Amino acid sequence: MSIATTVHQARRPVGLPTPEDFAFVRGPLPEVGPGTALVENLYLSVDPYMREAMDYQGWQGGNELGTPLEGRSIGRVIASKAEGLTEGDVVFHRKAWRTHALVTPAEAGVLPGWEGVDIRTRLSLLGGTGLSAYVGLTQVARLQPGEDVFISAAAGGVGTAAGQIARLLGARRVIGSAGSAAKVRHLVDDLGFDAAFDYHDGPVGAQLAKAAPEGIDVFFDNVGGDHLEGAIDVLKAHGRIAWCGAVAQYNDLKNPPPAPRNLYDVVSKSLRLEGFLVREYNHLQGELEDFLVPHLRSGALKADETVVEGIDNVVSAFIGVLKGENLGKMIVAL
Ligand code: NAP
């Protein structure tokens, strides 16, 4: 008999989550009732925002203890009593961190599949990760050809997407920061960044000023804190900040970093700082696919991913993302 495994949040973490904050719950496969379909998951997404969801007073009120975290997944329908979902369909849904999910047609969308492109990409470049990068650059920062861009957490999922997309949109110089020398090398040698630095090697502002002596037009921020402060120092007048995330503070939301201390320069430099949530831009999913799929097929664009195998490793993969153990988008393959 097949067994279904579900990963529940067992307690509220203090700081960086630990394995004890989760529980692996095993049981029989869910029964397929009228109007539902059973999906065997193939890939699960682990994302920094899930850390926010683990806090009681955090993201959207917090995840209920004893339940799995909400999150993006790809799976195959193995039984169906639901109209529009057929055995064999590969679907996208948001009932993450489990081997099997019972879904309704409203909860699961059949994926079209793109010839020559791995379906897993729907969790990285062709999913919320790539869409965040695309929206931040095109809708929020409104990047223009010939402009210079700085991206923080540049070697992560959103960062590697943003760097490559910025180049495709005609950016002049693309600069990134990341947490290790190996990541810095990867950005420059494999992904075509013009310059990159390890933020552990010195103040972000000073390192960025060296990498971008003429200043930057756009800052795509995934980190917040010292990165935001450093970028405000180096942005040219009328520069734009697309604020995507603040991973530097997710483990302790109640005690955010003291930076940026130069926020008033937003006024003196006539900067525009705009935060955004990708879920408000889901209507651009088709546009993202139309833009990126040809580049993925031609090899001009790389789906940068770290793939960890097995449901038993989902928690360590998640903690790994928060600790910077991933290159590109972290995905768990089942
Ligand atoms: P990711 O960048 O693949 O993984 C997180 C990375 O953050 C780690 O690899 C680590 O890399 C870096 N990091 C961790 N702690 C840090 C710290 N204290 N200072 C600097 N860097 C640190 O994750 P992602 O899924 O692509 O998400 C990136 C950001 O985008 C997150 O802030 C996320 O919340 C945000 N996001 C926002 C939206 C939205 O709708 N606004 C949607 C998706 C994602 P290093 O080795 O470089 O430290």
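These legends go with a few close-up views of a predicted model.

**View A. Six strands line up in an open sheet.**
Read across the sheet and the strand order is 10-9-8-11-12-13, with parallel pairing. Strands in a sheet pair through backbone hydrogen bonds, and the pairing can be parallel or antiparallel. Who sits at the edges? Strand 10 (195-198) and strand 13 (272-275) do, each pairing on one side only. On average, neighbouring strands here are turned by 15° against each other, if you ignore direction.

**View B. Strand 12 meets strand 13.**
Let's zoom in on one pair from that sheet. Strand 12 (residues 235-243) and strand 13 run parallel and are joined by four bridges. Look for Arg240: it stands opposite Arg272 in strand 13.

**View C. Two helices lie across strands of the sheet.**
Helix 4 (residues 181-189) lies across strand 9 (174-178) and strand 10, and it runs at about 170° to strand 10. Helix 6 lies across strand 8 (149-151), strand 9, strand 11 (216-221), strand 12 and strand 13. Its direction is about 150° to strand 12.

**View D. Helix 5 crosses helix 6.**
To describe two packed helices, you give the angle between their axes and the distance between the axes. For helix 5 (residues 204-211) and helix 6 (residues 225-234), the axes come within 8 Å and cross at roughly 40°. That's why the two helices, helix 5 and helix 6, are oblique to each other. Their crossing is right-handed. Helix 5 brings Val204, Gly205, Leu208 and Ala209 to the contact, while helix 6 brings Asp226, His227, Gly230, Ala231 and Val234. Sort these residues by class and you get five nonpolar, three polar and one charged.

**View E. Strand 14 and strand 15 are linked by a crossover.**
Five bridges join strand 14 (residues 305-309) to strand 15 (residues 329-333), and the two run parallel. In this pair, Thr306 stands opposite Met330 in strand 15. How does the chain get from strand 14 to strand 15? It passes through helix 9 (residues 314-323), making a right-handed β-α-β crossover.

**View F. Two backbone oddities sit in loops.**
Most peptide bonds are trans, and most residues other than glycine have a negative phi. Now check the bond between Ala259 and Pro260: it is cis, with omega about 5°. You'll find Pro260 in the loop between strand 12 and helix 7 (265-268). Ala153 isn't a glycine, yet its phi is positive, at about 45°. Ala153 is in the loop between strand 8 and helix 3 (157-168).

Key:
Residues numbered from 1 in each chain as written. Predicted model: local features only at pLDDT ≥ 70, side-chain atom pairs only at ≥ 80, totals over all residues. Heavy atoms only, no water. Axes fitted to C-alpha atoms, helices over the stretch in contact; angles between N-to-C directions. Parallel < 35°, antiparallel > 145°, perpendicular 65-115°, else oblique. Left-handed = near helix turned anticlockwise from the far one by under 90°. Contact = heavy atoms within 4.5 Å. Nonpolar A, V, L, I, M, F, W, Y, C, P; charged D, E, K, R; others polar. Pairing = 2+ DSSP bridges. Right-handed = clockwise from strand over helix to strand, strands pointing away.
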